[in-house]
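Here's a quick walk through one structure, written for someone who would rather look at residues than read theory. Have the viewer open and follow along.

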Amino acid sequence: MVPELLLCLSVGGAAALKPTCLSAQFRRPGDYILGGLFPFGADTLNLTARSEPTAVVCERLFIEGLIWALGMKFAIEEINNSTSLLPGVKLGYDMYDTCSEPLVALQPSLLFLTRNGTTGIGVLCNYTDYQPRVTAVIGPHKSELCLVTAKLFSFLLIPQVSYGATSEKLSNTELYPSFYRTVPSDKNLVEAVVLLLNEFGWNWVATVGSDDEYGRGAQEHFLSIAGNHNICIAFGGLIPTDLTDPEAKDHLEDTIQSIIKTKVNIIVLFAFSQPARALLEHSIRMGLSKKVWIGTEAWMMSDTAASIPNIQSIGTVLGFIVKAHTVPGFQKYVADLFTSVQQDEFCQESREFNHLMNSDVLETQCKQCDHISLHNVSSTLNRSEIQPVYAAVYGVAHALHRALGCTHRACPRAPIRSWQLLHFMNTLPFEVKGQSFMFDQSHGTNTGYKLIVWSWKNSTLTYLPVGHYQDSLYITKSQIQFHTADQKDPTSECFTQCQPGQLRQIKGYHLCCYDCTDCPENTFWSTTDSSTCTPCPEHEWSPARSTQCYDRSERYLFWNEPVTVALLTLMSITLSLTALTAVLFFKNLETPLVQASGGKLSLFALFTLMLLCLSCCLYIGKPSPKLCMIQQMVYALCLNGCLSTFFIKSLEIILVTEFPHSAPTFLHWVTQRRAWLLVASCLLTQCLFCLCYVHLGPDYLRADYKSLPTEVLLLCDTDSWVAFALLHGYNACLASVCFLCTFMVQTSGKKYNIARGITFATLIYFITWIFFIAIFATLDTVLKSVTQISTILTISLGILGTYYVPKCYIILIKPDLNTVDYCQNSIKEEPEEDSQ
């Protein structure tokens with residue numbers, strides 16, 4: 001085929017010096033006429049200046065539109081020569097120029113609606129039996145045109161099959177019930193583009209569309225689904241299609257400036273060739289750095305964009321074109337046709353056919369076709385995909401075959417109305433050169449796309465296929481050479497992919513543009529709700545950037561902690577000293593010093609002091625509600641046992657020293673066996689306060705989940721400070737009486753001052769409790785238990801050191817002072833001293 005085509009090119013190039021009759025090849029009579037709407041021309045001259053409804057003139061020839069029209073002609077002639085599809089039936093065709101303008105496309109569309117054999121459109125109540133001029137319409141190629149013409153043809157339910165309109169609006173079968181297309185809709189294209197962006201991890205992109213139905217529709221659909229796929233639109237804008245507008249240049253420059261500010265590396269361009277060319281020219285002139293341009297068939301396959309000077313400097317051009325097979329024999333057919341239109345006999349026959357079609361009604365408006373040669377169209381012919389046009393014609397032919405009830409030998413001649421074809425187009429598939437087609441529920445065909453990249457070699461552009469899309473995307477990445485230094489795909493990210501345990505924090509006004517921040521402590525990131533960090537339950541915790549929560553461990557004063565070991569050691573020492581003191585006092589119980597200190601009451605006091613030391617163990621280990629309730633009561637009762645003996649001794653001292661004349665009368669109430677009754681009374685009174693403490697509100701076990709980050713703090717907390725004050729206030733009262741009874745007592749140097757030990761013991765008690773209350777009321781840690789133990793040990797050591805140790809010193813070191821004269825303040829001695 002190639003040698004034949006080259007031969008035809010040389011012959012056609014020489015023969016094209018004289019006008020041809022190519023413009024007369026777009027009308028042929030037949031049993032059923034197919035209308036054709038193709039963009040033979042482009043760039044209207046007088047559209048904006050029209051003041052009268054005159055014909056619109058196009059400035060230049062659009063080669064691709066001519067090739068598409070020849071594709072329809074080729075398909076019809078092939079069907080007419082077939083002996084199986086429509087045997088005995090001839091299809092005719094009537095093709096007109098749309099000039100890529102809806103206004104221009106309306107004129108032939110109205111002609112197609114006229115009653116067959118006339119130039120008038122009947123106004124009827126019922127068009128069931130109405131026979132329009134054409135049985136079906138092929139085209140036009142643009143969505144903007146189809147949105148206008150499809151409403152006209154849908155009124156009479158004339159099948160219209162477009163070979164290029166992709167707008168998703170045309171999928172509405174309620175508005176456009178007779179509209180079909182042999183190309184995928186923009187919805188499929190946009191899904192393919194989004195998958196491509198995700199495949200390379202490009203989530204920071206700019207999108208530009210031409211200000212027409214195609215650009216607006218595709219961009220709108222892209223914006224609607226990009227955010228759902230984590231793609232952030234840094235800039236979205238429209239560029240003018242009317243490049244003659246004085247403001248068009250400024251608009252294009254503003255668009256480029258906006259793209260520069262966003263610093264994106266990826267630009268998605270939905271536009272036809274002329275607006276795309278204008279944008280690319282301005283990007284080169286304004287020095288836009290190399291980018292990845294993702295395009296579509298609307299401009300990628302056009303020489304209009306590829307022929308821009310220095311176009312290679314824009315970067316990498318990657319995009320999708322409709323997947324279409326080549327049509328066997330078409331190039332030879334075109335070559336033969338360009339040879340035939342040079343022959344007078346062929347041209348005369350063509351003009352006669354035109355005359356049979358009432359050519360005076362409306363011209364084809366392709367006069368420029370008569371002044372081109374095969375050489376002028378050869379580059380476009382090698383590249384143009386005519387299969388959508390070819391398939392559109394065959395789709396109508398197969399529907400007509402079924403409507404007529406044709407066999408492989410003949411078709412019955414029966415009147416067929418246009419609307420009768422719709423049922424057969426909606427339901428049954430058809431084959432074209434071994435490829436199966438079928439119109440889906442939205443009257444479209446998803447034939448899929450090819451992914452191609454512009455490949456430059458020695459200033460020659462080739463369209464290199466690097467993948468395909470149909471329901472899923474496949475890419476051969478190794479074949480794509482990007483404009484980067486290492487020829488690898490550039491990065492274009494507004495955000496990095498967040499890791500598990502990180503939260504998306506939106507920044508700026510781009511809803512899908514965000515930073516990744518770690519989930520804070522005690523929260524976790526869940527795949528079911530990745531937009532927020534979920535707080536952990538109260539009994540659990542988590543570190544920062546966590547994906548789950550962990551159970552909190554319990555925290556209290558453990559037995560093996562260093563501070564606990566230190567306190568237990570100190571408790572053991574205090575307990576041992578108290579026990580040794582008790583043993584020493586027991587052995588010397590009948591000595592004057594021990595008798596003066598209280599005798600057996602001192603042993604009882606030392607015993608309660610030992611119990612007080614042992615009560616420190618109640619604050620170590622895991623607390624329980626019962627343990628919390630008895631801690632303060634045990635402490636208060638043990639201390640009361642010791643202070644009650646001091647109380648009795650203080651009363652004895654105050655009677656002897658301050659009331660010597662009344663002492664003989666009352667002294668027996670605080671000595672001998674009656675002293676034990678007073679001790680029992682003090683303990684009984686303390687027990688009553690313990691009952692009040694239990695009734696008003698004892699300490700309770702509290703689980704604190706806030707103080708520690710990973711643990712739950714178990715501690716005994718005060719429920720009622722009134723109850724706490726009553727419980728310990730009684731001991732404070734006893735200590736106060738002891739202090740008041742003893743702190744002013746003076747004795748001569750020849751006598752042992754029993755009162756001084758009680759004074760210092762109670763003074764240490766008060767000082768310790770002042771610090772204890774201040775610390776105890778504010779602590780919420782295990783140090784609360786440490787403070788309680790330290791208070792107990794401090795009071796125990798204070799009492800032991802100030803009251804008992806000096807007596808032990810006399811008993812052990814200076815036994816000569818352990819006499820009745822030195823240790824006892826008798827009633828008889830005091831008056832004698834006073835008389836002196």
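Is Y765 buried or exposed? Y765 is buried, because its relative accessible area is just 3%. Bear in mind as you read on that this is a predicted model.

## Aromatic company

Next to Y765 in the sequence and paired with it through the rings is F766: the two make an edge-to-face pair, 5.5 Å from centre to centre with 65 degrees between the planes. F766 has a relative accessible area of 23%, so it counts as partly exposed. Both residues belong to one aromatic cluster, whose other members are Y635, W721, F724, W769 and F772.

There are 37 aromatic pairs in the structure. Another one to click on is F604 with W676, where the ring centres sit 5.8 Å apart and the planes meet at 75 degrees, which makes this pair edge-to-face too. F604 is in helix α18 (residues 600-614) and W676 is in helix α21 (residues 672-696), so the pair ties together parts that are 72 residues apart in sequence. F604 is partly exposed, with 21% relative accessible area, and W676 is partly exposed as well, at 36%.

## Charges over rings

Two lysines are worth a look here. K807 puts its charged end over the ring of Y803, 3.8 Å from the centre. K477 lies over the face of F200, and there the distance to the ring centre is 5.0 Å.

## The eight-stranded sheet

Now for an open sheet of 8 strands with mixed pairing, in the order β10-β9-β11-β12-β13-β16-β17-β18. The edges are β10 (232-239) and β18 (472-475); each has a single partner strand, so one side of each is left without a neighbour in the sheet. From one strand to the next, the twist averages 25 degrees.

Inside that order, β11 (residues 266-270) and β12 (residues 291-296) run parallel and are joined by 3 bridges. V268 has I294 in β12 as its bridge partner. Helix α8 (residues 273-285) lies across β9 (204-210), β10, β11 and β12, and runs at about 175 degrees to β12.

## A loop and a hairpin

Between β16 (449-457) and β17 (460-470) there's a loop, and N458 is in it. N458 counts as exposed because its relative accessibility is 77%. Try drawing a line from N458 to S681: their C-alpha atoms are 116 Å apart, with these positions 223 residues apart along the chain.

For the hairpin, go to β26 (residues 700-704) and β27 (residues 711-717), which pair in the antiparallel sense over 5 bridges. The hairpin connects β26 to β27 through 6 residues. Y700 stands opposite D717 in β27.

## Two nonpolar cores

Which residues touch the most other members of the largest nonpolar core? They are F38, M72, L86, I138 and F330, out of 69 residues in that core. I138 makes a good starting point: leaving out residues up to four places away in sequence, its contacts include G35, G36, L37, F38 and M72. Also touching I138 are V161 and Y163, along with V389, A392, V393 and V396. A second, separate core has 63 residues, among them L557, C638, V786 and Y822.

Notes
Residues numbered from 1 in each chain as written. Predicted model: local features only at pLDDT ≥ 70, side-chain atom pairs only at ≥ 80, totals over all residues. Heavy atoms only, no water. Pairing = 2+ DSSP bridges. Helix = DSSP H or I, 4+ residues; strand = E, 2+ residues; numbered from the N terminus. Buried < 20%, exposed > 50% of the residue type's maximum accessible area, 1.4 Å probe, protein only. Core = buried A, V, L, I, M, F, W, Y, C linked by side-chain atoms within 4.5 Å. Contact = heavy atoms within 4.5 Å. Axes fitted to C-alpha atoms, helices over the stretch in contact; angles between N-to-C directions. Phe/Tyr/Trp six-rings, centres within 6.5 Å; stacked < 30°, edge-to-face > 60°. Lys NZ or Arg CZ within 6 Å of the ring centre and 35° of its normal.
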